[in-house]
Structures are given as C-alpha cells and as structure tokens.
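This report introduces a multi-chain model to a reader who has not met it before. It begins with a contact between two chains and then widens to the fold of one chain and to other pairs.

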Protein chains: 10
Amino acid sequence: MLFRVEMTVNLPASMTRAEASDIKQRERDYSHRLQREGKWRHLWRIVGSYANISIFDVRDAEELHELLSALPLYSYMQINVQALCRHPSSVYDDDR
Amino acid sequence: MLFRVEMTVNLPASMTRAEASDIKQRERDYSHRLQREGKWRHLWRIVGSYANISIFDVRDAEELHELLSALPLYSYMQINVQALCRHPSSVYDDDR
Amino acid sequence: MLFRVEMTVNLPASMTRAEASDIKQRERDYSHRLQREGKWRHLWRIVGSYANISIFDVRDAEELHELLSALPLYSYMQINVQALCRHPSSVYDDDR
Amino acid sequence: MLFRVEMTVNLPASMTRAEASDIKQRERDYSHRLQREGKWRHLWRIVGSYANISIFDVRDAEELHELLSALPLYSYMQINVQALCRHPSSVYDDDR
Amino acid sequence: MLFRVEMTVNLPASMTRAEASDIKQRERDYSHRLQREGKWRHLWRIVGSYANISIFDVRDAEELHELLSALPLYSYMQINVQALCRHPSSVYDDDR
Amino acid sequence: MLFRVEMTVNLPASMTRAEASDIKQRERDYSHRLQREGKWRHLWRIVGSYANISIFDVRDAEELHELLSALPLYSYMQINVQALCRHPSSVYDDDR
Amino acid sequence: MLFRVEMTVNLPASMTRAEASDIKQRERDYSHRLQREGKWRHLWRIVGSYANISIFDVRDAEELHELLSALPLYSYMQINVQALCRHPSSVYDDDR
Amino acid sequence: MLFRVEMTVNLPASMTRAEASDIKQRERDYSHRLQREGKWRHLWRIVGSYANISIFDVRDAEELHELLSALPLYSYMQINVQALCRHPSSVYDDDR
Amino acid sequence: MLFRVEMTVNLPASMTRAEASDIKQRERDYSHRLQREGKWRHLWRIVGSYANISIFDVRDAEELHELLSALPLYSYMQINVQALCRHPSSVYDDDR
Amino acid sequence: MLFRVEMTVNLPASMTRAEASDIKQRERDYSHRLQREGKWRHLWRIVGSYANISIFDVRDAEELHELLSALPLYSYMQINVQALCRHPSSVYDDDR
C-alpha cells in the first residue's frame with residue numbers, strides 16, 4: 001500500500017556539528033536500507049528546503065508508523081502522511 | 001527535470017452528464033499519451049478526493065506549462081506545482 | 001486497517017426538496033449496509049454542522065476509495081482522510 | 001456524552017531521557033485507568049506523528065476538562081476538543 | 001452545560017425580499033422562545049457582520065444539535081461550536 | 001460597552017513552580033476584583049486548553065486596554081479582542 | 001472611540017451596469033455625509049483591490065454597527081473591524 | 001506616499017528589565033521625532049496586544065524601509081506593510 | 001518605484017468564448033503598451049496557473065492603482081501588491 | 001530556467017554581533033558572485049522585513065538547490081521557490 005510522506009527537518013541549535021554529522025549518517029544508512037528493501041519507493045528533495053517528498057510502499061499504516069518512528073531524525077522532523085491509491089487513468093503497474 | 005503536480009477537479013454543476021463523460025474520456029486519452037511518452041511519470045489518486053498527485057518529467061517549466069494547459073480538464077482544475085531535485089540519500093537512478 | 005474520515009455535505013441550492021430527500025435516503029441505506037458489514041465502524045455527527053466524523057475499517061486505501069466514491073452524496077461532499085494505527089497505550093483489541 | 005479529542009505532544013529539548021521515560025510511563029498508567037473506567041473510549045495513533053485521536057465518554061465538559069488537565073503530559077500537549085452527538089444514520093448503540 | 005456558538009449567515013442571492021423577511025421573522029420568534037426557556041443564554045451581534053456570538057445552556061451536545069438544526073436559517077448558516085466549562089477564577093454562579 | 005476577549009496562556013519553561021504559583025495567585029486576585037467591579041462580566045474555561053473566553057463590560061477600548069495590560073499574566077498571554085453590540089433578537093437587558 | 005474598518009466589495013455578476021452605478025453613487029453620498037459629520041475619519045484605497053481601509057470615530061460599537069449596516073453596499077461587503085486605542089507614544093491629539 | 005504599517009513586538013525572554021526599559025525609551029524618542037517630522041502620520045495601539053497600526057507618509061518605499069529598519073525595536077518586531085492610495089470617495093485632503 | 005504584483009484570473013462560467021477571446025486580446029494590447037512604456041517591467045507566468053507575477057515601475061501607489069484598475073480583466077482578477085525597495089546586496093542598477 | 005525565490009532570514013538570538021557581521025559579509029560576497037555570473041538575475045528587499053524576493057536563472061532545479069544550499073545564511077533562512085515560465089503577453093526577451 002502506498003503513502004505520500006513529506007518530512008521537514010529542524011535540527012536544534014544546541015546540536016553540535018559532530019552530533020549532526022553522526023545522526024545524518026545514520027539517517028542515510030537507514031534510508032538506504034529501506035530503499036533497498038523496496039519499502040521507501042521514492043525520495044525527492046524539495047528545492048531550497050531541508051525537506052523531502054517520499055513514496056512508501058508498506059503492508060499497512062502500522063508498518064509505516066514503525067518505519068517512520070525508527071528514523072534517527074524522527075524527533076527533529078515534522079511528518080505529513082497521505083494515503084494514496086491507484087488512479088484509474090494510470091498505466092503504470094507499480095503505481096499502486 | 002521533475003515536478004510534483006497536484007490537481008484537484010471541480011466540474012461545474014451546469015455540465016451535463018454527457019459533457020462530463022466526454023471530457024473525462026479525452027482527459028484519460030491525453031493522460032495515457034503523456035504517460036507512454038514518459039512525461040507523466042507517476043499518477044496517484046488521493047483517497048476520498050477527485051484529485052491526484054503526479055510526477056512529471058519534462059525538459060523545463062516551459063514544457064510543463066504547455067502540457068498542463070493542454071489538459072482537457074484544465075479550466076476545471078486547481079493545479080499546484082513544486083520543483084523537485086535529486087535527494088542525496090536516494091539510491092534510485094530515475095528519481096532525478 | 002483503520003481510517004478517520006471527515007465528511008462535510010454541501011447540497012446545491014438548485015436541488016429540489018424531493019431530490020434531496022431521495023438522495024439522503026439512498027445515503028442512509030448505503031451507510032447502514034456498510035455499517036452492518038463492519039466496514040464503517042463508527043459514525044458521529046459534528047454538533048451544529050451537516051458533517052460527520054467516521055472510522056472506517058477496510059482492507060486498504062484502495063477499498064476505502066471504492067466505498068467513499070460510491071456514496072450517493074459523494075459529489076456533494078468534501079472528504080478528509082487520515083490513516084490511523086494502533087496506539088501503544090490502547091487497551092482495546094478493536095482499535096486497530 | 002462523547003468528545004473527539006486530538007492531542008499532540010511536544011516534549012521540551014531540555015527534558016532528560018529519564019524524565020521523559022518516567023512521565024511517559026505515568027501517562028500510560030493514567031490512560032490505562034481511564035480506558036478501563038470507560039471514560040477514554042478510543043485511542044488511535046496518527047501515523048507518523050507523536051499525536052493521537054481519542055474518543056472520550058464523560059458526564060459533561062466539566063469532567064472532560066478535569067480528566068485532560070490531570071494528564072501527566074498535559075503541559076506538553078496541544079489539545080483540540082470537539083463535541084459529538086449521535087448521527088441519525090448510525091446503527092451503533094454506543095456511538096452516542 | 002455551556003457552549004459558545006458562533007453563527008454566520010449567508011442568504012442566497014436568489015432569495016426574494018419577502019422570503020428573507022419571512023425567514024428572519026421566524027428566526028427571531030424561535031430565538032425569543034429559546035431565550036425565554038433559558039437555553040439560549042446570551043446573544044451578541046459581531047460588529048459589522050451578519051453574525052452572532054451566543055452562549056447556549058443545554059443538557060448535552062445532543063440537545064444543542066437539535067436546537068441548532070431547527071433554526072429557520074440553519075441551511076444558510078456556518079456554525080462553529082466550542083464546549084465551555086467553569087473557570088476556576090470565575091466568581092459567577094451561572095458561568096457553568 | 002461589551003467586548004469578547006480570548007486569552008491563551010503560555011508560561012515560559014524557565015519559570016519556576018514557585019513563580020508560576022505566585023503569578024497565578026495574583027492573576028486570580030486581580031480577576032476577582034474586576035469581576036466584583038462588574039468589568040469582567042463572564043469568564044469561561046475552554047475545555048482542554050490553558051485558555052479562557054471572557055466578556056468585558058467597559059467604558060471604551062481605552063479602559064479595556066488598561067485592564068488587560070495590567071493582568072499579571074499579560075506578558076505570557078496571546079489576547080484576541082472583538083467588539084460586540086446588541087443583537088436585535090436578544091431579549092436580555094444586559095447583553096449590551 | 002476609534003475603530004479600524006476594512007471593507008472588501010464583491011458585486012454579484014448578475015447586477016446590471018445601471019444598478020451598480022446607482023448603488024455606488026448612493027454609497028459615495030452616504031460616505032461623504034459620514035465624513036463631513038466626523039464619524040468616518042479616514043478612508044484609503046488598498047492598491048489593486050476593490051477594498052478600503054478606514055478609521056471610524058464613533059460613540060461605541062453600537063453606533064459603528066448602525067453606520068456600517070446602513071451602507072448601501074453593505075450586503076455586498078466583507079467587513080473586518082478592530083478596536084483601537086491611544087498609543088502611549090503618539091503625539092497626536094486626534095489619534096484617540 | 002502613504003503606507004499602512006502594522007508592527008507587533010516580541011521582546012526576548014532573556015532581555016533584562018533595564019535593557020527593555022532603555023530600548024523602549026529610545027523607541028519612543030525615535031517615534032516622537034518621526035511624528036514631529038510628519039513622516040509617521042498616525043499611531044494607534046491595537047487593544048490587548050503589544051502591537052500598533054500606523055500610517056506613514058514618505059517619499060517612497062526606499063525611505064519607508066530606511067525609517068523602519070532604524071527603529072530601536074526593529075529586530076524584535078514583525079512588520080507588515082501595505083501601500084495605500086487616495087480613495088475616490090474621500091473628502092480629506094491629507095488622505096493621500 | 002517598484003512593486004511586485006501577482007494577478008490571478010477567474011473568468012465567469014457565463015462568459016462566452018467570443019467575449020473571452022475579445023477581452024484577452026484587449027488585455028494583451030494594454031499589457032504590451034504598458035511594457036513598451038516601461039511601467040510593466042517584468043511579466044512571468046506561474047506554471048500550471050492562469051496567473052502571473054509582475055514587476056511594475058511607477059511613480060507611486062496612485063499611478064499603480066490607475067494602471068491596474070484599467071486592466072480589461074480587472075473585474076475578474078484577484079490582485080496582490082507588495083512594495084519593493086533596493087536590496088543592499090543588489091549589483092543591478094535597475095532593481096530599484 | 002527562471003525561478004522566483006523568496007528568502008526570509010531569522011538569525012538566532014545566541015549569535016554574537018561579530019558572527020552576524022561576518023556571515024552577512026560572506027552572504028553579500030556570495031550573492032555578488034552569483035549576480036555577476038548571471039544566475040541571480042534580480043534581488044529586491046521586501047519593505048520592512050529582513051527578507052528578499054529574487055529571480056534566479058539556472059539550468060534546472062538541481063542547480064538552483066546547489067546554489068541556495070551554499071548560501072552562508074542558508075541554515076537561518078526560510079526559502080520558498082516557485083517555477084516560472086514565459087508569459088504569452090510578455091514583450092521581453094529575457095523574461096524566460
């Protein structure tokens with residue numbers, strides 16, 4: 001099942017450069033793993049913002065929440081989720 | 001170049017059932033053609049709404065506007081466009 | 001899978017009293033059927049508004065969209081959908 | 001009487017991990033108690049957010065405010081309350 | 001139980017002067033009756049708007065919805081409802 | 001002259017429990033005095049929020065601003081003011 | 001007592017040119033009269049909009065509502081009112 | 001040329017009482033000077049808020065920005081600017 | 001003096017194709033004239049919308065309002081105006 | 001390809017005057033370079049705000065994001081980006 005997810009990151013001013021670098025590296029590793037597993041199907045940067053638009057392909061909302069709440073940056077993100085379904089005019093097999 | 005496009009349709013109450021049926025058929029045909037040409041890369045239905053979220057892959061904003069303004073339903077849509085770019089953590093070759 | 005759905009109805013001024021009465025009756029019948037099938041799990045009126053808050057229990061977003069778009073009042077509603085999941089502090093077996 | 005309540009939690013950055021763990025445990029205990037007493041009738045997690053949607057069944061607004069303002073996390077929450085009433089199409093006895 | 005209710009009226013352009021005059025008279029009569037019965041406790045005009053702020057004193061949300069949905073102008077109003085409760089600093093006996 | 005006033009309190013995280021307790025006590029005393037003088041005509045708690053809805057009866061906007069800006073919690077409040085006037089359908093002598 | 005008033009005009013499409021011309025003339029006459037009487041103290045056009053920002057000097061909210069609701073264009077306006085008072089740094093005698 | 005300017009002040013919690021007192025005094029002096037020079041034509045307090053509505057009369061936007069950015073409180077203000085022009089119904093010579 | 005102007009067009013459904021074609025032609029001619037006179041300095045289409053972003057270079061707000069209110073499409077537009085001034089980091093002579 | 005970019009700066013209260021002075025100087029130098037290279041085509045100050053409206057002329061969204069994210073003030077800015085295209089009524093060769 002597909003979800004559009006929009007994440008906006010706000011790192012606290014008190015976070016040191018080393019902490020920020022470490023947490024971003026762990027975020028990247030985690031994101032790579034979910035992408036390779038086929039759960040995080042698309043990932044785009046919003047131009048000019050520390051934010052992304054993503055498409056997740058998961059079993060259900062339960063699994064999506066588990067994956068999102070395990071993001072290393074989870075506490076520093078505002079996340080917006082929207083359930084998607086197949087569009088009757090879509091010709092793509094994987095847009096569902 | 002990639003754009004996220006969100007289209008919400010509002011057909012006027014005065015449109016007859018036949019007119020609506022005809023314009024939706026032309027919209028579907030046009031959409032199929034753009035999808036086959038690779039310009040309309042993704043197309044999802046927003047659950048519970050006469051609306052979609054799409055990803056367009058076009059040469060530039062000029063081409064996007066030409067494609068969108070030629071939509072049969074263009075006069076009855078509210079369209080929101082957001083420029084995307086490659087996310088540094090994306091592992092996908094076609095997310096750009 | 002659970003969804004919170006909020007529906008607000010706006011009947012067009014041009015609809016006759018008989019048409020309104022008929023479509024509301026069909027809406028009620030359809031709603032009763034979905035409730036008896038266990039798909040429409042809760043249905044509350046928002047005080048002072050021609051609107052409701054509902055909980056749907058469906059297979060996935062695909063099924064939810066099918067059910068909602070078949071509502072007799074669908075063309076006259078603004079619908080807002082939010083995916084829910086189990087809360088770790090919930091003691092209820094059916095809140096999932 | 002039924003109320004839809006939406007709670008969004010924002011823990012201050014200055015709160016230690018131990019303090020957070022303690023207050024969350026007390027919140028869970030308190031929530032369990034209200035659920036067992038039948039006052040907190042439903043409790044769902046909003047996907048991707050440190051937030052919930054709940055249904056409370058209380059004598060009146062006075063009792064609801066007492067229950068909410070006694071939540072251990074009360075000072076760290078934004079709470080939105082909406083009065084509900086029975087929907088004429090509802091078939092459920094307890095949706096009131 | 002007390003509720004703050006805000007009503008904003010939008011009469012359709014197609015309503016004749018006679019129809020408007022008639023419906024307003026019925027609205028006034030109905031309002032007078034509810035005020036005399038002690039259900040509609042306060043009623044103020046918002047300066048410069050065809051709108052009011054009211055305080056209702058009713059048994060519960062069920063009764064409030066019955067009273068509001070029977071307003072002659074109900075179909076032409078946008079209504080916003082907020083549950084109130086006693087303020088710990090209030091010295092008034094009837095502010096509850 | 002009547003005003004609807006809505007006050008929402010945000011105490012800074014740095015305020016100690018003793019300071020909070022002291023300022024709230026002074027707020028209560030001040031509020032009691034204004035209520036007894038007939039200037040602060042109504043005071044209700046908004047359910048689930050550290051906020052109130054009030055009705056002030058003052059000579060003019062000048063006096064209202066003097067009273068509000070002397071509130072002990074004034075620096076920690078967001079205040080919204082709306083001028084009211086007599087509603088033609090009101091039967092109450094003191095709703096003006 | 002001073003109020004900032006913002007009026008935005010929306011003439012219905014069905015109004016004929018002659019009707020519009022007539023109602024605007026009556027609006028202008030009425031406005032001139034209130035200005036000469038010192039009640040409508042300032043009147044500015046918002047650039048690029050069929051809207052104005054005004055300062056009214058009236059006895060109280062009651063009088064303001066009487067003056068505004070007698071505007072020939074009243075039914076076609078959205079009006080926003082804000083109570084003003086003397087600023088402690090103002091050097092002007094008539095800014096109160 | 002006339003501008004409506006709305007300023008809302010937010011002093012940081014870390015500012016000492018002496019600093020606040022000093023900066024407010026300098027703000028007042030600066031404001032008095034601009035009023036005497038005829039640049040700051042009106043200055044009203046918004047009731048219940050640490051905010052004002054002002055009318056500036058300046059050569060152009062360049063001069064307005066110079067005057068505003070030199071306000072002692074400038075770093076602590078949110079400022080909203082709107083260009084005004086003469087209203088065709090105004091009878092006042094200085095409302096332009 | 002420079003202004004950013006944003007115009008969004010909404011043609012009424014009742015306008016015939018011939019009327020629309022005629023008014024758009026007059027709009028284009030008028031726009032060309034203002035551009036050649038150097039008053040309408042920039043004109044861009046917002047992608048996917050019947051809207052534009054423009055930069056006007058005029059004597060003052062008075063002249064801007066005259067030019068905008070003479071647009072053939074003026075009655076069918078929502079117009080938003082923002083005063084600009086020279087940015088201290090700009091290297092361009094005509095960005096003022 | 002053209003983009004309208006709006007940047008609003010919020011320097012943290014903890015930044016020293018020397019740090020602020022240094023980062024602003026680097027911002028200015030960087031801005032000058034991009035303007036001389038023809039990438040940052042226009043730069044205006046929004047009157048009364050620490051904010052600007054800019055027009056960028058870049059190869060695509062990828063290049064725009066690289067340029068913006070390299071701004072010395074990038075971490076302290078809220079940035080809003082809108083893709084532009086040629087307006088059919090524009091007479092300017094460089095408005096594309």
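## The contact between chain B and chain J

Between chain B and chain J, two residue pairs are in polar contact, with both residues of each pair at pLDDT 80 or more. These values come from a predicted model. On the side of chain B that touches chain J, the elements that give two or more residues are α2 (61-69) and β4 of chain B. The largest share of that side, four residues, comes from β4(B). Sorted by class, the side of chain B that touches chain J has six nonpolar residues, one polar residue and three charged residues.

Chain B contributes 10 residues to this contact, and chain J contributes 10 residues. The two chains bury about 760 Å² between them, with 76% of that area on carbon and sulfur atoms. In chain B, the residues that lose the most area to chain J are B:Met1, B:Glu62 and B:Cys85, which together account for 52% of what that side buries. The salt-bridge rule finds zero such pairs across the interface of chain B and chain J.

## The contact between chain A and chain B

Chain B also meets chain A, where 29 residues of chain A are in contact with 29 residues of chain B. The area buried between chain A and chain B is about 2,800 Å², and carbon and sulfur atoms give 59% of it. A:Trp44, A:Arg45 and A:His87 lose the most area to chain B within chain A, together 23% of what that side buries. For this interface, too, the rule finds zero salt bridges, while 13 residue pairs are in polar contact, both residues being at pLDDT 80 or more.

Several elements of chain A take part. β1 (2-9), α1 (17-36), β2 (40-46), β3 (51-57) and β4 (77-86) of chain A each supply at least two residues of the side that touches chain B. The largest share of this side, seven residues, comes from β2(A). By class, the side of chain A that touches chain B is made up of 14 nonpolar, nine polar and six charged residues.

## A strand pairing between the chains

Which strand of chain B pairs with β2(A), and in what sense? The partner is strand β4 (residues 77-86) of chain B, and the pairing is antiparallel, over three bridges. Within β4(B), B:Leu84 is the bridge partner of A:Ile46. The strand β2(A) thus appears twice in this account: in the pairing with β4(B), and as the source of the largest share of the side of chain A that touches chain B.

## The fold of chain A

Chain A contains two helices and four strands. Along the sequence, these elements follow the pattern β-α-β-β-α-β. The C-alpha trace of chain A spans about 50 × 25 × 20 Å along its principal axes.

An unreviewed UniProt entry carries the annotation "domain: Muconolactone isomerase" for residues 1-89 of chain A. Over residues 1-89 the chain is 33% helix and 36% strand, and the end C-alpha atoms are 18 Å apart.

## Salt bridges

A search of the whole structure, over all chains, finds 62 salt bridges. In one of them, the side chains of A:Glu63 and A:Lys39 meet at 2.5 Å, N to O. This pair links distant parts of the chain, 24 residues apart: A:Glu63 belongs to helix α2 (residues 61-69) of chain A, and A:Lys39 to the loop between α1 and β2 of chain A. In general, side chains of opposite charge can pair when their charged atoms come close.

## Chains that do not touch

Some pairs of chains have no contact. Chain D and chain I do not touch, and their nearest C-alpha atoms are 31 Å apart. Likewise, no contact joins chain E and chain I, whose closest C-alpha atoms lie 16 Å apart.

Terms used: Residues numbered from 1 in each chain as written. Chains lettered and ligands numbered in written order. Predicted model: local features only at pLDDT ≥ 70, side-chain atom pairs only at ≥ 80, totals over all residues. Heavy atoms only, no water. Contact = heavy atoms within 4.5 Å. Buried area = accessible area lost by both parts, 1.4 Å probe. Salt bridge = Lys/Arg side-chain N within 4 Å of Asp/Glu carboxyl O. Polar contact = N/O pair within 3.5 Å; in protein donor to acceptor, adjacent residues only side chain to side chain. Nonpolar A, V, L, I, M, F, W, Y, C, P; charged D, E, K, R; others polar. Pairing = 2+ DSSP bridges. UniProt positions renumbered as here; feature names shortened; annotations may be inferred.
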